[in-house]
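Q: Could you take a close look at one part of this model for me and walk me through what sits around it? An informal tour is fine.

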Amino acid sequence: MMKKGLGERMFEWCNALFLGLLSLVTLYPLWHEISISFSTAAGAMQGGLFFFPRGFTVDAYQSVLSSSFIWLAYRNSIIVAVVGTFLHVMFTATTAYALNKKGLPGAKVITILVIFTMIFSGGMIPTYLVVKSLGLTNTLWALMLPGMISAFNVIVMQSFMRTIPEEVEESATMDGANPLRIFFTIILPLCKPVIATIALWECVGLWNNFMQAVIYLNDKRLYTLPLLLKEIIAGQQLATDTGQFTTFSAESAIAATVIISIIPILAVYPFLQKYFMKGTMLGSVKS
């Protein structure tokens, strides 16, 4: 085995140092929020950089979790994320599978129309008018149905499906399998990596969907976590002026809500990471 030269070792050390600093800069904002959420009012109001809670207390979490609205927002966000992700993935997969069929009439025209939506969109006002005319305003469906099929996701799914040998479908057809059975029992299981990738993209997007929630939701019982967080931030000055927060500050309550809202995504990602990496590479490189 050849020994590494001094220049190569220096490069590796510099690379490790750079990546370590980059990781620290990336993770610090999250750690900062965690520290604030466990800090007392006096400690949180001091500001500045700090790595540990100032005057440890869990009162902010107790206050946030004792509110019924946080659980309603949790329920609404979970419904939107789970149902919306399922619908997005299924419609994306069926669209990509159909467009990959060589004998599909007008496949090229449909593909052009799909790509066209990546460049031009109807805009906020026309989209709102359509959603309102369908009676979806002030419902959770308004956060899931508009934009349910992403042109980019369809292209990624198509690229991955092209890596599946045609002989697989031909063999299943010869064994008597119909197109629906081939799609659900053969194609979808083989597309686990790209499905997990798209599911993660959509789940994070739906979980953090703030703009559509602001536009379409008026009933506080339908608020999702991002919208509830906005309400907490909007009431920060009022809470400070009225002395609503005693052993913790408004900043601590906001930080606690932020941490509580990102726990589900942090819990799901490790299980999808291996599929996420594989789906991204194969879906984009092999085409």
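Q: Is M118 buried or exposed, or something in between, and what does its helix do in this predicted model?

A: M118 comes out as partly exposed, because its relative accessibility is 42%, which lies between the 20% and 50% cut-offs. The residue sits in helix α5, which spans residues 107-119. M118 is also one of the residues in a nonpolar surface patch of about 770 Å². Its partners there are I115, F116, I119, F120, F152, I155 and W201. Helix α5 gives the most to that patch, with four residues. Helix α8 (151-161) is the other one to supply at least two.

Now move along α5 to V114, which is placed in that helix too. Here the picture changes: V114 is buried, because its relative accessible area is 18% and the cut-off for buried is under 20%. If you skip the neighbours within four places in sequence, V114 is in contact with L99, A151 and V154. On the C-alpha level, V114 and S150 are separated by 8.5 Å, although they are 36 residues apart along the chain. So α5 has a buried residue in V114 and a partly exposed one in M118.

Just ahead of α5 there's a salt bridge to look at. Side chains of opposite charge can pair when their charged atoms come close. K101 and E169 do that, at 2.5 Å from N to O. K101 is in the loop between α4 and α5, while E169 belongs to helix α9 (residues 166-174), so the pair ties together parts that are 68 residues apart in sequence. K101 is partly exposed, with 34% relative accessibility, whereas E169 is buried at 19%. The salt-bridge count comes to two, and the other pair is R221 with D219, where the closest N and O atoms are 2.9 Å apart. R221 counts as exposed, with a relative accessibility of 54%.

The helix on the other side of that loop, α4 (residues 68-99), packs against α11 (residues 192-207). Two packed helices are described by the angle between their axes and the distance between the axes. For α4 and α11 you get about 145° and 9 Å, and the crossing is right-handed. The α4 side of the contact includes Y74, I78, H88 and V89, and the α11 side includes I195, I198, L206 and W207. Small residues take part as well, among them A81 and G84 in α4 and A199 in α11.

One backbone detail deserves a stop: N138, in the loop between α6 (124-133) and α7 (141-144). Most residues other than glycine have a negative phi. N138 isn't a glycine, yet its phi is positive, at about 60°. N138 is partly exposed, with a relative accessible area of 29%.

Zooming out, the chain has 15 helices and zero strands. Of its 287 residues, 36% are buried. Among contacts with a separation of 6 or more, 73% are between residues 24 or more positions apart. The accessible surface of the chain is about 17300 Å², and carbon and sulfur atoms account for 71% of that.

How values were computed
Residues numbered from 1 in each chain as written. Predicted model: local features only at pLDDT ≥ 70, side-chain atom pairs only at ≥ 80, totals over all residues. Heavy atoms only, no water. Patch = residues over 30% accessible without salt bridge, like charges linked within 9 Å, V, L, I, M, F, W, Y side chains within 5 Å. Areas by Shrake-Rupley, 256 points an atom, 1.4 Å probe, with all protein chains shown as cover. Salt bridge = Lys/Arg side-chain N within 4 Å of Asp/Glu carboxyl O. Buried < 20%, exposed > 50% of the residue type's maximum accessible area, 1.4 Å probe, protein only. Axes fitted to C-alpha atoms, helices over the stretch in contact; angles between N-to-C directions. Left-handed = near helix turned anticlockwise from the far one by under 90°. Contact = heavy atoms within 4.5 Å.
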